[in-house]
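Work through the exercises below with the model open beside you. Try each task before you read its solution.

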Amino acid sequence: MNGSWSSLVSSAASECTQVLEKAIDQDWSRNAAGLEWTCRQTLDHMALGVVGYAGLLIAQPADRYITLFASLDPRAPIPACLEGLRIAGTVLAWAVREATPDVRAWHPWGHSDGPGFAAMGIVELVVHTHDIARALGLDWVPPDWLCDPAVERLFPDAPAGHAAVDTLLWCTGRIALARAGRREQWQWHGRVR
């Protein structure tokens, strides 16, 4: 199963960077939609998070974050930053693929395993790509085939009966759903179920 999760992480990184490549000439200093970070800062957050999940999975700490923080060069042009994001996705995909089923690592939202960290990486990639795409005028929504496994793995309280992308965007406080309103606060459930 870790192989398919690994492939999903790689696919998410590829999908997201291909979308964002369409906006390399845009103003990345504007805020990403719904965030207090600029689009450029959001890219850095994505890379840091995805590499961080790989590091947690490799180090397997029981009670803390790891001390490795991998960020993008603040002087790098956007195409180079997108390359960095693809590298981050590859590192996480490798860590997920190599993790045995018994591997567990700390996360503040629940100790997790390879599939859990893969799902976290997918959420970081697709949700923040959506935030950036909206700010830069790109017409893109995360594909259901990436959203569905992440929702199933991380959001056991997700409402049924909606498209996977809408459910993920609701779960992460991006949109309202009929009869569910909009979440003001949220977190995923990383623990192994």
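The exercises cover confidence, aromatic pairs, salt bridges and pockets.

This is a predicted model, in which local features need pLDDT of at least 70, side-chain atom pairs count only at pLDDT 80 or more, and totals for chains, interfaces and linings use all residues. Residues are numbered from 1 along each chain as its sequence is written, and side-chain values use heavy atoms, with hydrogens and water left out.

**Exercise 1. Confidence**

Task: Find the mean pLDDT of the chain, then name the elements with the lowest and the highest mean.

Solution:
- Start with the term: pLDDT is the predictor's confidence in each residue, from 0 to 100.
- Take the chain next. Its mean pLDDT is 95, and 98% of its residues reach 70 or more.
- Now take the elements. Helices (H or I, at least four residues) and strands (E, at least two) are DSSP runs, numbered from the N terminus.
- S2 has the lowest mean pLDDT among the elements, 84, and H4 has the highest, 98.
- Keep a rule in mind: where pLDDT is low, the predicted coordinates should not be read in detail.

**Exercise 2. Two rings that meet Trp-188**

Task: Classify the pairs that Trp-188 makes with Tyr-53 and with Trp-109.

Solution:
- Set the rule. Rings of Phe, Tyr and Trp (its six-membered ring) pair if their centres lie within 6.5 Å; planes under 30 degrees apart are stacked, over 60 edge-to-face, and the rest tilted.
- Search the whole structure: 7 aromatic pairs turn up.
- Check Tyr-53 and Trp-188. The ring centres are 6.4 Å apart and the planes stand at 70°, so this pair is edge-to-face.
- Place this pair in the chain. Tyr-53 lies in helix H2 (residues 39-59) and Trp-188 in the segment after strand S2 (181-182), so the pair ties together parts that are 135 residues apart in sequence.
- Check Trp-109 and Trp-188. Here the centres are 5.1 Å apart and the planes are at 80°, so this pair is edge-to-face.
- Place Trp-109 too. It lies in the loop between helix H3 (78-98) and helix H4 (114-135), with Trp-188 in the segment after S2, so the pair ties together parts that are 79 residues apart in sequence.
- Compare exposure (buried is under 20% relative accessible area, exposed over 50%, partly exposed in between; 1.4 Å probe, protein chains only). Trp-188 is buried at 2%, while Trp-109 is partly exposed at 28%. Tyr-53 is buried.
- Join the rings up: Tyr-53, Trp-109, Phe-117, Phe-155, Trp-186 and Trp-188 form one aromatic cluster.

**Exercise 3. Three salt bridges**

Task: For the salt bridges of Asp-73, Asp-131 and Asp-157, find the partner and the distance.

Solution:
- Apply the cut-off: a side-chain nitrogen of Lys or Arg lies within 4 Å of a carboxyl oxygen of Asp or Glu. The count comes to 5 salt bridges.
- Asp-73 pairs with Arg-75, with the closest N and O atoms 3.7 Å apart. Asp-73 is partly exposed at 36%, and Arg-75 is exposed at 71%.
- Asp-131 pairs with Arg-174 at 2.7 Å between the closest N and O atoms. Asp-131 lies in helix H4 and Arg-174 in the loop between helix H6 (164-171) and strand S1 (176-177), so the pair ties together parts that are 43 residues apart in sequence. Both residues are buried.
- Asp-157 meets Arg-183 at 2.4 Å, N to O. Arg-183 is in the segment after S2 and Asp-157 in the loop between helix H5 (144-154) and H6, 26 residues apart. Arg-183 is buried at 15%, whereas Asp-157 is partly exposed at 40%.

**Exercise 4. Two pockets**

Task: Describe the volume and lining of the largest pocket and the second largest pocket.

Solution:
- Define a pocket. On a 1 Å grid over the protein atoms alone, it is an open set of points where a 1.4 Å probe fits, with protein on both sides within 12 Å along at least five of seven lines; lining residues have an atom within 4 Å of a point.
- Define volume: grid points are joined across faces, edges and corners, and the volume is the space filled by probe spheres set on them.
- The largest pocket has about 440 Å³. It is lined by 23 residues, and His-45, Gly-49, Tyr-53, Tyr-65 and Glu-124 lie nearest its centre. H2 gives the largest share of this lining, 6 residues.
- Sort by type (Ala, Val, Leu, Ile, Met, Phe, Trp, Tyr, Cys and Pro are nonpolar, Asp, Glu, Lys and Arg charged, the others, Gly among them, polar). The lining of the largest pocket has 16 nonpolar, 5 polar and 2 charged residues.
- The second largest pocket has about 210 Å³. Its lining residues include Asp-131, Arg-174, Arg-183 and Trp-186. That lining divides into 3 nonpolar, 3 polar and 6 charged.
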